[in-house]
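This briefing sets out selected features of one protein model, grouped by topic. Please read it alongside the sequence and coordinates shown below.

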Amino acid sequence: YIAKEFSKIPHSNVECILTNSVRADSLPVMLTFEDPSAFRVKSFWELVRALGVFRLCSVPILVNNCGKIMSIAQTLLGKRLFALFMRPSVYAQFVAGESEGEIAQSMEKMSCLGLRPMLAVPIEEDLGESSGEHRYDQNLASMLECVSMSHSNTWSKDPMMQLKITALISPELCVKLTTLLSEQQYDLDLLVRAMEGESISFPGLQDSENEHFLCGLQRLNKVGEASANKVRVLVDAEYTYMNSALSLVTTAMMKKFNQDSAWIWNTYQCYLKESRSLLLKAVRLSISESFCLGVKLVRGAYMDKERNLAKKEGRSEPVHESWEHTNDSYNGSLDILLELISQDPQRYRVIVATHNEKSVQHAVQRMEELGIDKDGGSVCFGQLLGMCDHVSLTLAQQGYLVYKSVPYGSVDDTLPYLVRRAQENRTVLQGIRKERDLLRQELRRRLKQAQSAPCSTNQKQAQ
C-alpha cells in the first residue's frame, strides 16, 4: 500500500506518513544478550585471544595510535616476524585468512554456528592515495574474485559481499562529482549507458576526468554483471565530501541490476543529520525508477573526521549533536524500512548493521509486530567479524539471519584496513566491556570444569 501511494502524494508529506507508523514500545523485549553460553561454541584459545585483543582495544592511547605503533613494530621486527606476531592475535581475531583454504575453513566454521559471511576485500582509497588506472583494474580483479568466492561455495544460502566505490574510482573524482551534484543532477540513464560502454560526456568534467569516470563505471558494471542473481553487493558509504557521488553511481547500478530483486545495496549513515531525507529520497526514487531497494543501515564511523573537517571549513557539523539523536535517527529509519518491507517484502530489503543491542531488540520487536518472517530474507542483521559475538550468536540461535563482515587477505594487505576500522570504531572498541565480561564468565566456567574433572576421576578411582 505504501509503495503504491508514494507516487500519489506530495514529497513533503511522505515523511509524515512513514514516521507516524504504529509503534508498540510497551511490548516485552524478545531477546536479551546476557547469556555467556553463546560463547560455548568457541575454543579455549579463541576465548583467551578475544579477551586479550579486547583488553588492548579498550585502551584509548593504543587505539588512537595503533597505526604508528604497528608501523614501528613492523620496522623493528621486519615484515616476517611482525606477521608471525600478528597472525595468531589481532589478525586471527578480525580477518578470515589469506589463502582460499584458510578462508574456507573460517567460513565453514561460521556456517556451523548459523552465521553467514559477508566477504570484504580490504581495498579502499582516500584523498591523496589515488594509484592509477592499472591499479584500479587490479582492484576490479580482486572484486570479481570475491564475487566468485562468495558464490561458488556453500557457506551461505544468500551470499553477500561489500564493495568500496573508491577501490574502482578515484576519491578525487568522487569529491569533484559531489561538488557538481550540488548544482546539477546527472541523469541515471546516462550513467547506465556509460556503464554499458557508451562514450558519454558528463558536464563539468575535464577530458581526463571523464575518461576515468567512464572506465570506473565500466568496472562497476562488470561487478554488477558478475554478481547479479548470485551475490548481493553492499556498497559502503564513506565521507560526506564524496557520498553524493557514491550514491549516484550506486543508484545507477540499482536501476540496471535491481529490476527483480535487490542485488545492489546502498549504505545510509544515521549519524548524519540528512540521513532520513536521503533514505526517503532513495525510496521515492526506487518507486519512480522502478527498481528494488536494498539498504545497509549503519550509525556511521567517521564522526571525528567529519566534525574536525566541518570546524576547519567553518560550516555546521553534518553529524548529530548527541548519541541519543543518532539512536533516534537509526531507529526511526529502521521503522520506515520495516514498514515498507511488511507491505512488500520482495521490493525492499535491509541489513540492520549495528552492534547496538537496543537497536537489535527494537528491530526484532518491530518484526514481530509487523509479521515479518525472521528467516524470510528481507531483514537480516550484521556485525563485524571478531566483535559482538554475543549478539550475533544469540540472534542466530533464535533463527534470525545474521551476517558477519569478513575481511580477508595477507597481513600486509589487511593491516591498513584494520587500522582504519580500529580508529573509526574506537568508541565501539572501547565500549566492549559487556562482551569481555561474558567471555570471562565462560572462561571461568571452563577452568572450574577442568579443575573439577580430576577430582571426580580421583573419587571414582578411590571407590
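**Strand pairing**

Strands E2 and E3 (residues 232-235) pair in the parallel sense over 4 bridges. The model is predicted, and its secondary structure comes to 19 helices and 8 strands. The protein has 463 residues, of which 54% count as buried.

- Within the pairing of E2 and E3, Gln 162 stands opposite Leu 234 in E3.
- Strand E2 (residues 160-163) also runs parallel to strand E1 (residues 116-120), to which 3 bridges join it.
- Across that second pairing, Met 118 is found opposite Met 160 in E2.
- The side chains of E2 alternate: Met 160 and Gln 162 point one way, Met 161 and Leu 163 point the other way, and all are buried.

**Overall fold and surface**

- Of the contacts between residues at least 6 apart in sequence, 80% join residues at least 24 apart.
- The accessible surface comes to about 21200 Å², and carbon and sulfur atoms account for 52% of that area.
- A nonpolar patch on the surface is formed by Ile 72, Leu 76, Leu 77, Leu 81, Leu 84 and Phe 85, with about 660 Å² of accessible area together.
- One of the patch residues, Leu 84, is found in helix H5 (residues 66-94); Leu 84 counts as exposed because its relative accessibility is 55%, above the 50% cut-off.

**Surroundings of Ile 103**

- Ile 103 lies in helix H6 (residues 100-112) and is buried, with a relative accessible area of 1%.
- Neighbours within four places in sequence aside, Ile 103 is in contact with Ala 96, Gly 97, Glu 98, Met 149, Trp 155 and Tyr 408.
- The C-alpha atoms of Ile 103 and Val 406 are separated by 9.4 Å, although the two residues are 303 residues apart along the chain.

**Salt bridges**

- Side chains of opposite charge can pair when their charged atoms come close.
- The whole structure contains 29 salt bridges.
- Asp 412 forms a salt bridge with Lys 79, with the closest N and O atoms 3.7 Å apart. This pair links distant parts of the chain, since Asp 412 belongs to helix H17 (residues 411-424) and Lys 79 to helix H5, 333 residues apart.
- The two partners differ in accessibility class: Asp 412 is partly exposed, with a relative accessible area of 39%, whereas Lys 79 counts as exposed at 56%.
- Glu 98, one of the contacts of Ile 103, meets Arg 87 in a salt bridge of 2.8 Å, N to O. Glu 98 sits in the loop between H5 and H6 and Arg 87 in helix H5, 11 residues apart.
- Glu 98 is partly exposed at 42% relative accessible area, and Arg 87 counts as partly exposed at 28%.
- A further salt bridge joins Glu 442 and Arg 446, the closest N and O atoms being 2.8 Å apart. Both residues lie in helix H19 (residues 433-462), 4 residues apart, about one turn of the helix.
- Glu 442 and Arg 446 are both buried. Salt bridges that share partners join Arg 40, Glu 442, Arg 445 and Arg 446 into one network.

**Cysteines**

- The structure holds 0 disulfides.
- Cys 146 is buried, with a relative accessible area of 0%.
- Cys 388 likewise counts as buried, at 5% relative accessibility.

Definitions and conventions:
Residues are numbered from 1 along each chain as its sequence is written. This is a predicted model: local features need pLDDT of at least 70, side-chain atom pairs count only at pLDDT 80 or more; totals for chains, interfaces and linings use all residues. Side-chain values use heavy atoms; hydrogens and water are left out. Helices (H or I, at least four residues) and strands (E, at least two) are DSSP runs, numbered from the N terminus. Buried means under 20% relative accessible area, exposed over 50%, partly exposed in between (1.4 Å probe, protein chains only). Contact means heavy atoms within 4.5 Å. Accessible areas come from the Shrake-Rupley method with a 1.4 Å probe; for residues, only the protein chains shown count as cover. Patches are made of residues with over 30% relative accessible area and no salt bridge: like charges are joined within 9 Å, nonpolar side chains (Val, Leu, Ile, Met, Phe, Trp, Tyr) within 5 Å. A salt bridge is a side-chain nitrogen of Lys or Arg within 4 Å of a carboxyl oxygen of Asp or Glu. Two strands pair if DSSP finds at least two bridges between them. A disulfide is a pair of cysteine sulfur atoms within 2.5 Å.
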